[in-house]
Amino acid sequence: MAGERTGGRVATREVVLASVRLFTEDGFDATTMEGIAAATGVSRRSLFRRFGSKEDILFAEHDELFSTVVRYLDASPDDPLSSVFAAARLVLQGYLGDPEITVPRYRLVRAHPRLRDREVAMTARYQAAFSRYLADRQDGGGEERSLAAGVAAASLISAHNHVLRGWLRSPEQDRREVWASFDAAMEFVRRAAEPVLRPADRPSRDRVLVAVYPGDLGRDELIRRVTAAVEESEGA
């Protein structure tokens with residue numbers, strides 16, 4: 001099966017699609033690079049040079065999507081939290097837009113532990129990128145800023161994956177429902193993350209002053225003592 005060519009080069013998607021079909025029909029372990037080369041019309045040497053291994057082919061579009069997300073974040077004019085939400089939307093769109101690849105790949109990953117390890121590593125790349133982006137754009141510094149960004153990024157990844165897995169298990173879902181679930185998940189993360197990322201926006205807690213005085217103390221002396229105590233407290 002000859003793939004679609006761009007300037008004489010078989011497109012990455014065509015190589016991945018042919019490979020996914022072979023993995024599904026013949027089994028991941030039984031499929032060889034030679035078989036993929038024959039199915040795509042790419043020489044074995046070129047295939048190894050471009051991708052390196054069967055695992056690399058299976059996740060090739062993951063790598064391209066990750067690069068797109070990083071470029072998007074670098075150029076985004078929005079506030080940091082909105083930017084990472086939009087980046088997560090790009091990732092989900094990448095899955096929804098190509099079910100011929102993403103759905104069978106999900107099933108292959110579930111069946112092969114080493115492929116699960118690869119996907120976990122990819123998820124960690126996104127989380128690290130989101131965390132770094134948020135930390136670099138937050139006021140303040142030090143460990144607290146890094147921790148807040150990490151917590152927000154982990155929550156975002158968890159919410160995104162919750163929606164994504166739901167669709168991968170039932171890809172026949174109406175896309176409008178999937179996107180509604182995604183928007184609801186992002187709003188949930190926003191409500192949880194904003195107080196962590198922007199502690200200065202939270203209202204400060206009232207301070208309580210406890211005054212103990214004799215019952216027969218005069219009004220003027222009481223006011224004087226309370227005023228002095230408040231001024232002392234504010235100066236502390």
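# Exercises on a predicted model

Arg 13 has a relative accessible area of 25%, so this residue is partly exposed. The structure is a predicted model. The exercises start from Arg 13 and move on through charges, core and surface.

## Exercise 1. The partners of Arg 13

Task: Find which residue meets Arg 13 in a salt bridge at 3.4 Å, then find the network that holds both.

Solution.
- Step 1. Look for a carboxyl oxygen within 4 Å of the side-chain nitrogens. The side chain of Glu 14 qualifies, with an N to O distance of 3.4 Å to Arg 13.
- Step 2. Follow the links outward. Arg 13 and Glu 14 belong to a salt-bridge network that also takes in Arg 21, Asp 98 and Glu 100.
- Step 3. Set this against the total. The whole structure holds twelve salt bridges.

A general point fits here: side chains of opposite charge can pair when their charged atoms come close.

## Exercise 2. The two bridges of Arg 114

Task: State how many residues apart in sequence the parts are that Arg 114 ties together with Asp 29, and do likewise for Glu 55.

Solution.
- Step 1. Take Asp 29. Its salt bridge with Arg 114 has closest N and O atoms 3.1 Å apart. Arg 114 sits in helix H8 (residues 113-136), while Asp 29 sits in the loop between helix H1 (12-26) and helix H2 (33-40), so the pair ties together parts 85 residues apart in sequence.
- Step 2. Take Glu 55. Its side chain meets that of Arg 114 in a salt bridge of 2.8 Å, N to O. Glu 55 belongs to helix H4 (residues 54-58) and Arg 114 to helix H8, so this pair ties together parts 59 residues apart in sequence.
- Step 3. Classify the three residues. Buried means under 20% and exposed means over 50%, with partly exposed in between. Arg 114 is partly exposed because its relative accessibility is 41%. Asp 29 reaches 51%, so it is exposed. Glu 55 has 17%, so it is buried.

## Exercise 3. Leu 47 and Ser 19

Task: Decide whether Leu 47 is buried or exposed, and Ser 19 likewise. Then list the contacts of each beyond four places in sequence.

Solution.
- Step 1. Place the residues. Leu 47 is in helix H3 (residues 44-50). Ser 19 is in helix H1.
- Step 2. Apply the cut-off of 20% for burial. Leu 47 has 0% relative accessibility, so it is buried. Ser 19 has 1%, so it is buried.
- Step 3. Collect contacts. With neighbours up to four places away set aside, Leu 47 is in contact with Val 15, Met 33, Ile 36, Ala 37, Val 42, Gly 52 and Ile 57. Under that filter, Ser 19 touches Ile 36 and Ile 57.
- Step 4. Check one distance. Met 33 and Leu 47 are 14 residues apart along the chain, and their C-alpha atoms are separated by 7.6 Å.

## Exercise 4. Helix H9 and the surface

Task: Work out which surface patches hold Arg 169 and Val 151, then place His 162.

Solution.
- Step 1. Start with Arg 169. This residue lies in helix H9 (residues 142-169). Its relative accessibility is 53%, so Arg 169 is exposed. Arg 110, Arg 116, Arg 165 and Arg 169 form a positive surface patch.
- Step 2. Turn to Val 151, another residue of helix H9. Val 151 is partly exposed because its relative accessibility is 40%. Together with Leu 147 and Val 196, Val 151 forms a nonpolar surface patch with about 240 Å² of accessible area.
- Step 3. Finish with His 162, found in helix H9. A relative accessible area of 57% is over the 50% cut-off, so His 162 is exposed. The C-alpha atoms of His 162 and Phe 182 are 8.9 Å apart, and the two residues are 20 apart in sequence.

## Exercise 5. The whole chain

Task: Summarise the fold: how many helices and strands, in what order, and what share of residues is buried?

Solution.
- Step 1. Count the elements. The protein chain has two strands and eleven helices.
- Step 2. Read the order. From the N terminus, the run is β-β-α-α-α-α-α-α-α-α-α-α-α.
- Step 3. Read burial. Of the 236 residues in the protein chain, 38% are buried.
- Step 4. Read the surface. The accessible surface is about 13800 Å², and carbon and sulfur atoms hold 51% of this area.
- Step 5. Read the contact range. Take contacts between residues at least 6 apart in sequence; 68% of them join residues at least 24 apart.

Technical notes:
Residues numbered from 1 in each chain as written. Predicted model: local features only at pLDDT ≥ 70, side-chain atom pairs only at ≥ 80, totals over all residues. Heavy atoms only, no water. Patch = residues over 30% accessible without salt bridge, like charges linked within 9 Å, V, L, I, M, F, W, Y side chains within 5 Å. Areas by Shrake-Rupley, 256 points an atom, 1.4 Å probe, with all protein chains shown as cover. Lys, Arg positive; Asp, Glu negative; His and termini not counted. Charge placed at Lys NZ, Arg CZ, Asp CG, Glu CD. Helix = DSSP H or I, 4+ residues; strand = E, 2+ residues; numbered from the N terminus. Buried < 20%, exposed > 50% of the residue type's maximum accessible area, 1.4 Å probe, protein only. Contact = heavy atoms within 4.5 Å.
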